[in-house]
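I opened the notebook to keep track of what I look up, one topic to an entry. The sequence and the structure come before my notes.

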Amino acid sequence: MHHNTVITLGKFDGLHEGHRNLIETMMKVKEKKGLRALIFTFSVPPKSHITGQPMPVITTNEEKRALFEEIGVDYFIECPFSDELMRMSPREFVSFLVNELQVKCFVVGEDFCFGYQRAGNIETLEELSKEFGYDLFVKSKIQHKGRDISSTYIREELVAGNMKTAEKLLGYPYFIENKIVHGNHIGRKMGIPTVNMEIDPQKVIPPKGVYVSRITILDDGSTYMGISNIGNKPTIGDDYPTGVESFLFDFDGDLYGKVLRVSLLYYVRAERKFENLDALKAQIDKDISFARECYGNVTKVC
């Protein structure tokens, strides 16, 4: 790396308000000291590497990359979490960062731990700053209703279907981002053409059901309001994998192969099996009317 950097480190799952507090400080230091802003994270959660089991995540690696790009950081490093890296002492890890990434400033949370068996903490970073010559900025936790904002807290709210609380903690609506895939075209036959997306199996998802949603076509940045269903299409068949199916209001076009971001704003109802397609269509029409009313009336909860 050819430029001096200011760095913040972590898993950044969800890129929530606590993470953004770190990043905002990093960006201020960048401007004040003329450095490049560097995010350092791991390609897989360290616990997943140690246990060999996949860990549920709020944001996939692809979704995180997109969010960091929107923020405007200069460098985003997804470091493979290897046995060699895992066994680095705190001093070895800091030496690696300072020498390989030209780190001149660290921005970390007050509970930051690092190195083999998480032996290093902010006191360790402070002590090592004398040897390696970097500045250290430590940020306090941000709280919501007396509890520290964390990825664990957000996962709990998502699983419970508390979308507005999750949005408050994240600082933006929870979303699912992926490429459109072909469905069975049942929606088009009902006069309600929908688009289908697969969901990464590691991604934490809220309860199955219908949501008022906002859909962004990432290829051109255009945004549409709509409704989205997370589930397995029980009225259509019994062997569908869990996915997200969305109807975009006032849209007419072909989206196959494009990448969408489906932001879930408000939980409308649970997914259920209907007697037939006519009953399903009647309920979807009601869902659409409800969503349109939400969009037209800012006093609504959604």
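How many bridges join strand β2 to β3, and do they run parallel or antiparallel? I looked this up first, keeping in mind that I am reading a predicted model. I found that five bridges join β2, which covers residues 36–42, to β3, and that the two run parallel. Within this pairing I noted one position, where F42 has C79 in β3 as its bridge partner.

**Entry on the sheet**

I then traced the whole sheet, which is open and made of five strands in the order β3-β2-β1-β4-β5, with parallel pairing. I marked β3 (75–79) and β5 (135–139) as the edge strands; each has a single partner strand, so one side of each is left without a neighbour in the sheet. For the twist I noted that neighbouring strands are turned by 20° against each other on average, with direction ignored.

**Entry on the helices**

Next I looked at what packs on the sheet, and noted that helix α3 (residues 61–71) touches β2 and β3, its direction making about 160° with that of β3. Helix α5 (residues 90–101) lies across β1 (5–9), β2, β3 and β4 (103–109), and I recorded that it runs at about 135° to β4.

I also followed one residue of helix α1 (residues 17–33), namely N21. I asked myself whether N21 is buried or exposed. With a relative accessible area of 17%, under the 20% limit for buried, N21 counts as buried. Once its neighbours within four places in sequence are set aside, I find N21 in contact with K139, S140 and I142.

**Entry on the aromatic rings**

Searching the whole structure for aromatic pairs, I obtained 12 of them. One of these is F112 with F114, whose ring centres are 5.4 Å apart and whose planes stand at 15°, so I wrote the pair down as stacked. I checked the accessibility of both partners: F112 is buried at a relative accessible area of 14%, and F114 is buried as well, at 4%. Following the ring pairs onward, I came to a cluster that links F40, F42, F93, F112 and F114, and I noted that F42 is the residue already entered above as the bridge partner of C79.

**Entry on charges over a ring**

Which charged residues sit over the ring of F175? I found the charged end of K203 over this ring, 5.8 Å from its centre, while R261 lies over the face of F175 at 4.2 Å from the ring centre.

Conventions
Residues numbered from 1 in each chain as written. Predicted model: local features only at pLDDT ≥ 70, side-chain atom pairs only at ≥ 80, totals over all residues. Heavy atoms only, no water. Pairing = 2+ DSSP bridges. Helix = DSSP H or I, 4+ residues; strand = E, 2+ residues; numbered from the N terminus. Axes fitted to C-alpha atoms, helices over the stretch in contact; angles between N-to-C directions. Contact = heavy atoms within 4.5 Å. Phe/Tyr/Trp six-rings, centres within 6.5 Å; stacked < 30°, edge-to-face > 60°. Buried < 20%, exposed > 50% of the residue type's maximum accessible area, 1.4 Å probe, protein only. Lys NZ or Arg CZ within 6 Å of the ring centre and 35° of its normal.
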